[in-house]
Amino acid sequence: MAAARRLRGLLTYLRSGVPASARAGAAGGGRPGGSEIFGNAVVFRSGLIISALSYLGFETYQLISQSAVVHAEVKVEEVLEQADYLYGSGETEKLYHLLAQYKQSEDAELLWRLARASRDISQLDTTSAEDKKRLVYEAFAYAKKALEKNESCSAAHKWYAICLSDVGDYEGIKVKIGNAFIIKEHFEKAIELNPKDATSIHLIGVWCYSFAELPWYQRNIAKVLFATPPTSTYEEALKYFQMAEQVHPNFYSKNLLFLGKTYLQLKNKKLATFWLLKAKDYPPHTEEDKQVQKEAAQLLKSVGDKN
């Protein structure tokens, strides 16, 4: 509106004609260069018109550009709201199909959610081995892009680490162990950016648990391949699982399961049973929750059989 008002004022001035002195000189011929002055005035005013139109065009372009950015931001927010609703409702496939439409996006928030959705689809029982592998690599690509777009995004670090770990399952033991330090670094960065992220705290616990239970032959391979291979203990794993539960109680069925499993490894059957029961009774929202229920029930049975 301001640009339009400025243009209207300029056009009014231009329509008023050439200055009186120029008109008089041109008509009477008594002043030398009268027609030249008049001609120059026309050229000058034509230039002003062109400049004014160029300026208006530039301002219009800016307004349209700003409007497009605002519209894009609003659209992204709407998609994120839909995505979070579907994720909370356990609509794994609908969520994936929604976000897959935006796989060319440059928005880190969209991309890490697409990485998560791709991974969730890969873990469905109905997903073939071939599709699972493809989805694992796709999820990693989305997570990597999300991190490239915004290194200050806690979730991008978290899902990059998760997806890198998944890729390691197809790359062999050397690559998987070699990536372990990178994975832990990204989980730690995720927690640094968001100390209340119980999931990232839980995942460091899983990292510790995995290396605590590493079979002896894999330990030997790690020692051969690396001067200082990653190591951990069940006590360290337990510390992170407890910390995650303190930050966000009952937030994740798998944290409850790992608390039970870790207490089993530490020979504390009473606390193991307590947490395994909580895992078994956790309301299932995802395929993973259902798998957790099954594993918890099996472990409870084995604990009961041993008593």
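Helices here are DSSP runs (H or I) of at least four residues, numbered from the N terminus. Keep in mind that this is a predicted model.

**Exercise 1.** Work out which helix gives the largest share of the nonpolar surface patch, and whether Val224 is buried or exposed.

*Solution.*
- Start with the members: the patch is formed by Ile173, Trp216, Tyr217, Ile221, Val224 and Leu225. Together they have about 610 Å² of accessible area.
- Now look for the helix: H10, residues 216-225, supplies 5 residues, the largest share.
- Val224 is in helix H10. Exposed means over 50% relative accessible area, and Val224 has 71% relative accessibility, so we call Val224 exposed.

**Exercise 2.** Classify the ring pair Tyr209 and Phe258, then say where its two partners sit.

*Solution.*
- The pairing rule gives 8 aromatic pairs. For Tyr209 and Phe258, the ring centres are 5.1 Å apart and the planes meet at 85 degrees. Planes over 60 degrees apart count as edge-to-face, so that's the label for this pair.
- The pair ties together distant parts of the chain, 49 residues apart: Tyr209 belongs to helix H9 (residues 198-212) and Phe258 to helix H12 (residues 253-265).
- Buried means under 20%. Tyr209, at 3% relative accessibility, is therefore buried, and Phe258, at 8%, is buried too.
- Zooming out, Tyr209 and Phe258 form one aromatic cluster with Tyr234 and Phe241.

**Exercise 3.** Find which charged residue lies over the face of Phe258, and which over Tyr87.

*Solution.*
- Over Phe258 it's Lys261, at 4.7 Å from the ring centre.
- Over Tyr87 it's Arg116, at 3.5 Å from the ring centre.

How values were computed:
Residues are numbered from 1 along each chain as its sequence is written. This is a predicted model: local features need pLDDT of at least 70, side-chain atom pairs count only at pLDDT 80 or more; totals for chains, interfaces and linings use all residues. Side-chain values use heavy atoms; hydrogens and water are left out. Patches are made of residues with over 30% relative accessible area and no salt bridge: like charges are joined within 9 Å, nonpolar side chains (Val, Leu, Ile, Met, Phe, Trp, Tyr) within 5 Å. Accessible areas come from the Shrake-Rupley method with a 1.4 Å probe; for residues, only the protein chains shown count as cover. A salt bridge is a side-chain nitrogen of Lys or Arg within 4 Å of a carboxyl oxygen of Asp or Glu. Helices (H or I, at least four residues) and strands (E, at least two) are DSSP runs, numbered from the N terminus. Buried means under 20% relative accessible area, exposed over 50%, partly exposed in between (1.4 Å probe, protein chains only). Rings of Phe, Tyr and Trp (its six-membered ring) pair if their centres lie within 6.5 Å; planes under 30 degrees apart count as stacked, over 60 as edge-to-face and the rest as tilted. A charge sits over a ring if NZ of Lys or CZ of Arg is within 6 Å of the ring centre and within 35 degrees of the ring normal.
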